[in-house]
Amino acid sequence: MLSRVLRSRATKVLLGIGGALTLVALAVTAYYYTQFARMIDAQLERGPFQTTSLIFASPVRVAIGEASSPEAIVSQLKRSGYDERRSNRLGWYRRVNDAVEIYPGPESYFDMEGGVVRFEGGRVSEIISLRDNTRRNRYLLEPELITHLSDDNREKRRLLEFKEIPPVLVNAVISSEDKRFFEHSGFDPLRILKVALIDLKEGRYAQGSSTLTMQLARGLIGAYDKNWKRKATEALITLHLESKLTKEQIFTYYANHIYMGRRGSFSIHGFGEASQSYFGKAVQDLTIPEAATIAGILNRPSYYNPYRAPERVIKKRNLVLQLMRDNGYINEKQYRDAIAQGLRLTDEPMESADAPYFVDYVNRQLQDQFGDIDFTEKSYRVYTSLDLRLQRFAVEAVNEGMKLVDEQVSKQRRWKGQKPPRAQAAMVVIDPETGAIRAMIGGRNYAETQLNRAVALRQPGSIFKPFVYAAAFATAIEDSGQVLTPISVVEDEPTAFEAGAGQDEYSPNNFGMKYSGAVTLREAMRRSLNIPAVKTAEMAGLRNVVRMARAAGIESPLMATPSIALGSYEVTPVEIAGAYTVFPNLGERLKPFSVGLVRDDNGHVIYTHEVKKERAIDPRVAYITLDVMRDVLRRGTGAGVRSRGFYLPAAGKTGSSHDGWFAGFTSKLICIVWVGLDDNTDLKIEGGRSALPIWTIFMKKAHELPDYQRVSDFPEPEGIVRADVCPEAFKMASPAYVPSEDRLNKGLPPCYELESEVFVAGTQPMQAYPSGFRGAPAGSRVSGWDVVSNAVETPPQGREMGQSRQTVAGRRPDAEAAPTGRPEEPQTARQQPKKGLFRRLLDVIK
């Protein structure tokens with residue numbers, strides 16, 4: 001009896017304890033459920049990507065007469081996020097025979113002005129504004145999304161609504177991941193039991209039993225470790241999601257949130273971005289095998305990377321297709337046709353579409369320019385200057401050109417028996433009319449190294465020389481004594497220069513240790529001779545060279561020393577690109593920019609870039625320098641540009657320091673290319689064989705685009721005159737004159753043909769030959785030499801080259817004026833026996 005009483009009391013005590021524990025457990029569960037519910041509700045209220053800044057490229061222009069088609073326009077609109085649904089807030093389109101109707105939405109870059117683009121014969125024949133039914137010469141298409149950025153993460157996303165997700169993809173996902181998703185309440189007991197039996201049979205954790213809701217819960221809390229605490233948290237959040245959201249809403253969150261692997265330097269999130277990244281198309285255009293591929297990837301995206309493991313992915317895809325067939329979503333024929341197809345992935349390099357180095361650059365610009373704004377707090381829309389077409393061409397050019405560099409590096413004897421280093425490259429492309437950065441390459445592979453070499457300091461070498469010669473040509477408009485023109489003569493011979501107090505002498509060498517004797521300034525720059533460049537800098541004034549570079553926009557530290565003439569002070573490729581705007585703009589400077597417009601999360605414009613040109617140097621000086629740079633491409637160190645098939649009007653300069661450079665431009669684009677080694681080891685490949693091929697490959701492709709086809713020559717500004725001169729005769733007046741081997745071999749006379757030269761009006765020679773030159777033929781005065789612009793006061797009588805302004809004005813000649821030369825000196829050019837008329841004709845035929 002006593003024992004029964006005791007047992008009864010014990011039972012009651014245990015029941016009491018159990019009840020108390022249950023109440024405690026329920027209380028704890030309720031507490032944590034409430035806490036997690038608040039956290040999840042806050043996330044759901046914000047949306048999965050509310051704190052994402054959107055980075056866009058620049059709009060794409062469509063113009064009357066350009067080659068295009070309705071298919072091309074539709075393809076571009078799709079890449080920009082348009083589709084055929086009128087509910088699309090970004091915009092929608094409609095294809096009507098040989099025309100495309102375009103309707104920007106409330107979230108468009110534009111002010112919702114619709115347009116109709118008509119085509120005929122493979123070209124744009126008509127553009128009509130739907131606002132007022134007037135004809136337009138051009139129409140701008142919606143900017144394409146480059147990336148979404150949240151905090152410091154590199155993520156690419158394209159948000160979808162449930163109705164935008166095609167049924168074929170929904171069916172593929174639930175067949176692969178959660179067959180009874182639309183039937184259960186967050187947990188699938190049948191699947192849990194099945195998985196448990198399989199795990200017991202295999203003796204290990206072989207399969208997962210998580211439903212789509214459970215996977216979403218796991219992603220929202222960001223916990224992926226396998227322990228009871230995470231499982232309990234996941235279960236609570238799953239219950240809350242199922243009670244808070246509909247099945248369609250849960251699937252939509254899942255479709256936008258799920259991690260889908262990496263391409264290039266970005267992580268891919270969501271089905272929308274996965275479709276674009278892997279197949280190059282909108283999610284609505286996915287085929288059955290493509291939908292099955294995405295469904296197969298999402299379970300283990302790193303393991304099932306279609307680019308690294310295509311055979312593995314095909315095997316998983318075919319398994320998903322089998323499940324779709326078994327579940328009745330596709331028939332046998334569709335199944336057979338699908339498994340017979342390959343992956344058919346997009347071949348577009350991710351680096352070109354992402355422009356990761358450019359995105360880094362934009363982020364820094366935003367931080368510097370808008371320091372009081374946190375772009376991670378709200379969804380800002382940042383519209384940049386990037387032209388994604390040029391960006392793709394830049395990537396292709398670097399990839400192709402660097403193969404040539406790798407071959408040359410591998411053949412260098414210094415790397416024999418060891419692995420040669422991997423040279424790097426950078427490219428900056430800007431619009432000379434606005435300063436907009438149109439393309440940027442900061443390295444060969446962002447995934448390998450995030451160092452943006454487009455903004456890294458390196459010695460520019462000879463691409464700095466145009467500023468040296470611009471300072472020299474500026475003497476023609478300044479009352480500074482000696483006047484230097486393209487036919488002024490300087491001696492190219494080994495020279496030691498004073499480097500300053502307490503410093504050793506500066507003794508540079510020419511490339512190849514070759515010297516040419518007397519050369520004109522045009523020839524010195526065309527052939528990129530070092531000794532004449534330093535002498536020219538000293539004649540112009542080293543401080544004036546620094547001032548010229550500063551005026552052009554170079555802000556990096558510079559010193560007025562002889563080595564500045566050879567580009568010894570470090571600058572960045574972006575700086576050089578900005579400084580080179582003074583040449584095609586005839587002395588006006590533009591600062592490179594990357595951000596054109598910024599809108600806040602309410603659509604209000606908070607920033608618009610204004611293009612401002614600033615007068616940096618005299619237009620006449622800029623033009624003369626530009627004209628000499630044209631000669632670099634025509635018959636100088638940059639002649640490889642022409643031999644490689646680029647024939648549009650252009651100018652440029654090669655550069656070789658420890659690195660290889662080429663800086664050149666047309667009226668449409670300025671392009672700077674750098675090639676070198678990250679540790680600053682000498683590349684030992686001059687710019688003409690390293691950077692120039694990359695520049696040429698890019699510029700040829702770039703100028704095939706309609707926006708950049710209409711290249712014009714560079715106009716002569718007022719105050720420029722041309723005169724036919726004999727540069728050889730001016731060189732022969734120097735005691736350092738050495739006739740060229742070509743001239744000696746062919747027995748050519750000193751001036752078998754005159755050359756047209758450019759001058760600031762009033763500084764041109766009075767005749768084609770220097771005063772007293774004995775080889776000048778009778779009646780050789782230059783026709784038109786005295787045509788002088790009213791903008792410049794013409795001296796009453798001409799000046800010999802190198803003679804100072806003081807001499808013309810009747811004042812004392814400057815002690816440093818260049819010698820006019822001796823008339824008898826030219827006889828050194830005719831040391832070989834004279835040739836008869838028949839022999840000369842025979843040489844011409846040869």
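What follows is a walk through a predicted model of a protein chain, moving from the whole chain to its sheets, a helix pair and a few single residues.

The chain contains 26 helices and 25 strands. Of its 846 residues, 53% are buried. Contacts can also be sorted by how far apart the partners are in sequence. Among contacts in the chain with a separation of 6 or more, 69% join residues 24 or more positions apart.

The sheets come next. Strands of a sheet pair through backbone hydrogen bonds, and the pairing is either parallel or antiparallel. One open sheet has 4 strands in the order 3-4-5-6, and its pairing is antiparallel. Strand 3 (91-96) and strand 6 (123-129) are the edge strands, each pairing on one side only. On average, neighbouring strands of this sheet are turned by 20° against each other, direction ignored. Helix 2 (residues 70-79) packs on the sheet and touches strand 3, strand 4 and strand 5 (115-120). The direction of helix 2 makes about 20° with that of strand 4. Within the sheet, strand 3 and strand 4 (residues 99-104) run antiparallel and are joined by 6 bridges. One position to look at is Trp92, whose bridge partner in strand 4 is Tyr103.

Another open sheet has 5 strands in the order 14-13-23-22-21, again with antiparallel pairing. Strand 14 (437-441) and strand 21 (651-656) each have a single partner strand, so one side of each is left without a neighbour in the sheet. Neighbouring strands here are turned by 5° against each other on average, direction ignored. Helix 22 (residues 687-702) packs on this sheet, where it touches strand 13, strand 21, strand 22 (660-665) and strand 23. Its direction makes about 35° with that of strand 22. Strand 13 and strand 23 (residues 670-676) pair in the antiparallel sense over 7 bridges. Ile430 has Ile670 as its bridge partner in strand 23.

Strand 13 (residues 424-430) also holds Val429. Is Val429 buried or exposed? Its relative accessible area is 0%, and buried means under 20%, so Val429 counts as buried. Leaving aside residues up to four places away in sequence, Val429 touches Ala436, Ile437, Arg438, Ala439, Leu669, Ile670, Cys671 and Phe698. The C-alpha atoms of Val429 and Asp387 are separated by 9.8 Å, and these two residues are 42 residues apart along the chain.

Asn680 lies in the loop between strand 23 and helix 22. Its phi is near 70°, a positive value in a residue other than glycine. With a relative accessible area of 36%, Asn680 is partly exposed. A second such residue is Leu586, which is not a glycine but has a positive phi of about 50°. Leu586 is found in the loop between helix 19 (573-579) and strand 17 (588-589). At 13% relative accessibility, Leu586 counts as buried.

A positive phi also appears in a hairpin. Strand 18 and strand 19 form this hairpin with 5 residues between them, and Gly603 in the turn has a positive phi of about 85°. Strand 18 (residues 595-599) and strand 19 (residues 605-608) run antiparallel and are joined by 3 bridges. Val598 stands opposite Tyr607 in strand 19.

Parallel pairing is found too. Strand 1 and strand 12 (residues 381-384) pair in the parallel sense over 3 bridges. Leu54 stands opposite Arg381 in strand 12. In a regular strand the side chains alternate between the two faces of the sheet. In strand 1 (residues 53-56), Ser53 and Ile55 are on one side and Leu54 and Phe56 on the other. These four residues are all buried, and both faces of strand 1 are covered.

The last stop is a pair of helices. Helix 3 (residues 167-177) and helix 9 (residues 288-297) pack at an angle of about 40°, with their axes 8 Å apart. Helix 3 and helix 9 are therefore oblique to each other. Their crossing is right-handed. On helix 3 the contact is made by Val168, Leu169, Ala172, Val173, Ser176 and Glu177, and on helix 9 by Ile288, Ala291, Ala292, Ile294 and Ala295. Sorted by class, this contact has 9 nonpolar, 1 polar and 1 charged residues.

Definitions and conventions:
Residues numbered from 1 in each chain as written. Predicted model: local features only at pLDDT ≥ 70, side-chain atom pairs only at ≥ 80, totals over all residues. Heavy atoms only, no water. Axes fitted to C-alpha atoms, helices over the stretch in contact; angles between N-to-C directions. Helix = DSSP H or I, 4+ residues; strand = E, 2+ residues; numbered from the N terminus. Parallel < 35°, antiparallel > 145°, perpendicular 65-115°, else oblique. Left-handed = near helix turned anticlockwise from the far one by under 90°. Contact = heavy atoms within 4.5 Å. Nonpolar A, V, L, I, M, F, W, Y, C, P; charged D, E, K, R; others polar. Buried < 20%, exposed > 50% of the residue type's maximum accessible area, 1.4 Å probe, protein only. Pairing = 2+ DSSP bridges.
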